[in-house]
Amino acid sequence: VMAMGAGQASHAAYCNVNQNLCLPIPDAVSFADASYVALALTSMQACRRLDYRFGESAIIGGMGLVGQICAQLLTIGGCKAVCLDGLKSRLEKAEENGATLCVSSLEDADAEAIRELTYGDGVDGAIICFGGDGTDTLKQIYSLMVRPPDTHTVGAIVVVGGCKFNGLQLAAAMGNVDIRSSARTGPGYKDADWERGAAYPQ
């Protein structure tokens, strides 16, 4: 089986998980692939929160496992995925998996490449997938987002990693950019009857 759920599923040799938080692994899926279920659902929820449209562009900041999966999901959905990470090996993996553009910074030549990719319009959104201080990255992403003639920057920035932002100002300071938090959610989330394995309507 594969399982996920805070306080239920754990990294252990054995654990007792309620039936509604478990799913039999299909015959065609290996144990190695099944172990990605939590990461894949985390990434899928982040993409849902971004609410992207076909043909749009997005920066994915942090190309760990969640960032890699987000980039693949966005690409499959017809979005231009711009992958950002300081580690060359992670960018190479993202490129291998079909990312539109891979950059090691959001400054100078890399920023210009992003502007060229978006025909000078700017990116439509971003997903931040790392922990720690994300202040500088947020500011850089913001500077590369769509800015209509009224000068009020638009788009959405989803935060799935555990990063923090110092001195974040909203309203006029951010224009019409939505800052969205993303967590693993789905049917039965925070419903005690579901999570404890009680009967649940289909």
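1. Let me start with Arg 90 and Asp 85, whose side chains form a salt bridge, with the closest N and O atoms 3.3 Å apart. This is a predicted model, so please read every value here as computed from it. The two partners sit in unlike surroundings: Arg 90 counts as partly exposed because its relative accessibility is 34%, while Asp 85 counts as buried because its value is 10%. The cut-off for buried is under 20% relative accessible area.

2. That pair belongs to a wider set, and the count of salt bridges comes to 5. Side chains of opposite charge can pair when their charged atoms come close. Another of these bridges links Glu 96 with Lys 93, and there the closest N and O atoms are 3.4 Å apart. Both residues lie in helix α4 (residues 88-96), and because they are 3 residues apart, about one helical turn separates them. Glu 96 is exposed, with a relative accessible area of 60%, whereas Lys 93 counts as partly exposed at 39%.

3. A further salt bridge is worth a look while you have the model open: the side chains of Arg 180 and Asp 178 meet at 3.0 Å, N to O. Asp 178 has 37% relative accessibility, so this residue counts as partly exposed.

4. Now to the strands. How many residues of β3 are buried? Strand β3 covers residues 57-61, and 5 of its 5 residues are buried. The cover reaches both faces: Ser 57, Ile 59 and Gly 61 are buried on one side, and Ala 58 and Ile 60 are buried on the other.

5. The partner of β3 here is strand β4 (residues 80-84), to which β3 is joined by 5 bridges, the two strands running parallel. If you would like one contact to find by eye, take Gly 61, whose bridge partner in β4 is Leu 84. Strand β4 is largely enclosed by the rest of the structure, because 4 of its 5 residues are buried.

6. On the surface, I would point you to a patch of negative charge where Glu 107, Asp 108, Asp 133 and Asp 136 gather. Asp 108 lies in helix α5, which spans residues 108-117. Is Asp 108 buried or exposed? With 66% relative accessibility, Asp 108 counts as exposed, since the cut-off for exposed is over 50%.

7. A patch of another kind is nonpolar: Leu 168, Leu 170 and Ile 179 make a surface patch of about 240 Å². Leu 168 is found in the loop between β9 (163-164) and β10 (176-181). With a relative accessible area of 35%, Leu 168 is partly exposed.

8. Last, a contact between residues separated along the chain. Leu 39 and Val 66 are 27 residues apart in sequence, and their C-alpha atoms are 6.0 Å apart in space. Leu 39 has its place in helix α2 (residues 37-50). The relative accessible area of Leu 39 is 27%, which means that this residue is partly exposed.

Key. Residues are numbered from 1 along each chain as its sequence is written. This is a predicted model: local features need pLDDT of at least 70, side-chain atom pairs count only at pLDDT 80 or more; totals for chains, interfaces and linings use all residues. Side-chain values use heavy atoms; hydrogens and water are left out. Patches are made of residues with over 30% relative accessible area and no salt bridge: like charges are joined within 9 Å, nonpolar side chains (Val, Leu, Ile, Met, Phe, Trp, Tyr) within 5 Å. Accessible areas come from the Shrake-Rupley method with a 1.4 Å probe; for residues, only the protein chains shown count as cover. A salt bridge is a side-chain nitrogen of Lys or Arg within 4 Å of a carboxyl oxygen of Asp or Glu. Lys and Arg count as positive and Asp and Glu as negative; His and the chain ends are not counted. The place of a charge is taken as NZ of Lys, CZ of Arg, CG of Asp or CD of Glu. Buried means under 20% relative accessible area, exposed over 50%, partly exposed in between (1.4 Å probe, protein chains only). Two strands pair if DSSP finds at least two bridges between them.
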